[in-house]
Amino acid sequence: MFEIFGIPSNALFGQLLIGLINGSFYALLSLGLAVIFGMLNIINFSHGAQYMLGAFVAYLILQYSGLGYWPALIVAPIIVGITGMIIERTMLQWLYKLDHLYGLLLTFGLALIIEGVARNLLGSAGLPYTVPESLQGGRNLGFMFLPNYRAWVIVASLTICFGTWFVIERTRLGAYLRAATENPTLVRAFGINVPLLITLTYGFGVALAAFAGVMAAPIYNVSPQMGSELIIVVFAVVVIGGMGSILGAIVTGFGLGVIEGLTKVFFPEASNTVIFVIMAIVLLVRPAGLFGRRG
Amino acid sequence: MMEQRVSDPLVDPSATPPSALRKQSETIAFVVMVAALIIAPFFTYPLFLMQAMCFALFACAFNLLIGYVGLLSFGHALYFGWASYLSAYAAKTWGFTPELAILAGIATAALLGLLAGSLAIRRQGIYFAMITLALAQMMYFFALQAKFTGGEDGIQAVPRGHLFGVIDLRNEMNMYVLVLVIFLAGFLFIYRIIHSPFGEVLKAIRENEQRAISLGYKTDRYKLVAFVLSATLAGAAGATKAIVLQLASLTDVNWPMSGEVVLMTLVGGLGTIFGPIVGSFVILVMQYKLSVLGEWVLVIQGVIFVSCVLLFRRGIIGELANKLRIRL
């Protein structure tokens, strides 16, 4: 036990850890938003609702089929991803030629529907979801106590984030994706099924959100409004980082989570607003965003 | 790309040319609206009508941005809610007369609009919407933590007071006339803006900002002025609402309120003069009628959003004008 700037190390590192956890959710969600925006030219407002839906599905399959955390971590993203692909095929695909803002409005409506249904089924209060047995407990690192589950969340989201980056930037599939983002007509002329690629991209982006949701379930409770609160912060993260770069989204997400955590230690009143303040400063200094290529 | 966009009312080229028929039908609609609003309090609750007029003005202010400049502000609750707080606080704690309280609210909204607007116009399109939403959320947290807003309780039992120190606003009819005057003044002001040379430049920015820039217009300044005007009028609506309902609360500054004004405008018709008014009455009536359904109202609102975007992008007024072959 020692002190840094008059703050006990336990409190400091504890908040730092919470910051990293929040940061991993910011990173996963802003990554999904960036991938979807790249292919569909739509800002997916229902991203937060789909994150909540992931946690919600995990809760439901635990209640009704007894499947625990680990199966849920795979099943819930698949279910949410499939519903996402249905949404893309039945609704979003009609909007690609319209102004961007219609996509935002439609997905905002979808978010209201998903959140409303969840409130009717769950109630507004949060429901607990227990940490899986294999990850209960924690270890003492000397300067702080590290719960195993939180360590897992950080490692898992880092893995997923860099896995996504690798697939998009370093594989053939990723090359198709990047090419289709730049010029869909030309890529189609080469015989690549771009509409299918778009559907899969949306499904994948949404599945990422659901994956984050399942991981969040044991940390926060499963509650209908867990997504809408988060998505607005994630929007600010996206404005700060810019959606041009995958790596940028990851770095910005984790970085802002940590800054938010530190603010909780040194200036708790501002912890809710610090990310928005940073957004305002970035807009003044570097309007295109930290990693943005164009407006 | 542009040819495929004609079904989109925001970039519909036929939306601009003013015709005699349009002017005539607008005059008729305006007279009908004023007449209806004068008779209505004898048939239905004045309090409901006053609330609806406040929301209608709010939606008209929002529509000024999205319909005529093509800027989607997803954070208009910021100006509505903070004007409402300031007007309520001025009337209750400082003992301002209602007109001064409302002016205090309007001034607050104008100032906040200037600050938020000058940040938001630094980015275009979809980023603009996200920035306005994020800034509004930031100010929501300020409202939640600040002492003077009363946190979760809000500012309750705001005195309506005496207009100019003379006319007693506790009388429902006096209050009604004041709200009607504010609403109509706001509406006519917006109408004047849209049909002024300034408004023509705004529409040019909506159609093609690059071209407006190449013609020598400083589009950023135009956008900022439009933003401040819109925020100010939204503030007028919020400040008046605080006096009418004698309440300012967190609901007015939170993001669902921003979503609601988008919904009202979308339902009525983006970029139509009367659309936001019709939309806000429709949505408010729906909320009253369906309030027994509790949380399902949220789902219904979501369904309306989705179906408007997919099926009726012109909104009620837009579809009506299309049926009657009136060019808006």
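Hi everyone. Before we start, one definition: a helix axis here is a line fitted to C-alpha atoms over the stretch in contact, and angles run from 0 to 180 degrees between N-to-C directions. Please also keep in mind that this is a predicted model.

With that in hand, let's look at chain B. Take helix 2, residues 46-68, and helix 6, residues 172-194: their axes come within 9 Å and cross at roughly 15°. Angles under 35 degrees count as roughly parallel, so helix 2 of chain B is roughly parallel to helix 6 of chain B. The crossing of these two helices is left-handed.

Who makes that contact? On helix 2 of chain B, the residues include Pro46(B), Met50(B), Met53(B), Leu57(B) and Tyr68(B). Helix 6 of chain B answers with residues including Glu172(B), Met175(B), Phe183(B), Gly186(B) and Ile194(B). How do the contact residues of helix 2 and helix 6 of chain B divide by class? There are 18 nonpolar, one polar and one charged.

Staying in chain B, here is another pair. Helix 3, residues 77-92, packs with helix 5 at an angle of about 25°, and their axes are 9 Å apart. These two helices of chain B are therefore roughly parallel as well, and their crossing is left-handed. Helix 3 of chain B brings Ala77(B), Leu78(B), Gly81(B), Trp82(B) and Tyr85(B) to the contact, while helix 5 of chain B brings Leu135(B), Ala136(B), Met139(B) and Ala143(B). By class, that contact has eight nonpolar residues, one polar and no charged.

Now let's see how the chains meet. In total, 39 residues of chain B are in contact with 36 residues of chain A. Which helices of chain B each supply at least two residues to the side that touches chain A? They are helix 5 (125-145), helix 10 (255-268) and helix 12 (296-310). The largest share, 14 residues, comes from helix 5 of chain B, and you may remember helix 5 as the partner of helix 3 in chain B. Sorted by class, the side of chain B that touches chain A has 26 nonpolar, eight polar and five charged residues.

Over to chain A, where I'd like to show you two helices. Helix 1 covers residues 9-40, which is 32 residues, and reaches 45 Å from its first C-alpha to its last, close to the 46 Å expected. Helix 1 of chain A is mostly covered, with 24 of its 32 residues buried. Just after helix 1, Asn41(A) takes a positive phi of about 60°.

Helix 9 of chain A, residues 226-241, has 16 residues and reaches 23 Å end to end between C-alpha atoms, close to the expected 22 Å. Is helix 9 of chain A largely enclosed or open? Of its 16 residues, 15 are buried, so helix 9 is largely enclosed by the rest of the structure. Right after helix 9 of chain A comes Gly242(A), with a positive phi of about 80°.

Finally, a single residue: Ile278(A), in helix 11 (residues 274-285) of chain A. Why does Ile278(A) count as buried? Because 20 other C-beta atoms lie within 10 Å, and the cut-off for buried is 20 or more. Leaving aside residues up to four places away in sequence, Ile278(A) touches Ile240(A) and Leu256(A). Ile240(A) falls within the residues of helix 9 of chain A, 226-241. As for Ala111(A), it sits 167 residues from Ile278(A) in sequence and 26 Å from Ile278(A) in space, C-alpha to C-alpha.

That's my tour; thanks for listening!

Notes
Residues numbered from 1 in each chain as written. Chains lettered and ligands numbered in written order. Predicted model: local features only at pLDDT ≥ 70, side-chain atom pairs only at ≥ 80, totals over all residues. Helix = DSSP H or I, 4+ residues; strand = E, 2+ residues; numbered from the N terminus. Expected span 1.5 Å × (residues − 1). Buried ≥ 20, exposed ≤ 12 C-beta atoms within 10 Å, placed from the backbone. Parallel < 35°, antiparallel > 145°, perpendicular 65-115°, else oblique. Left-handed = near helix turned anticlockwise from the far one by under 90°. Contact = placed C-beta atoms within 7 Å. Nonpolar A, V, L, I, M, F, W, Y, C, P; charged D, E, K, R; others polar.
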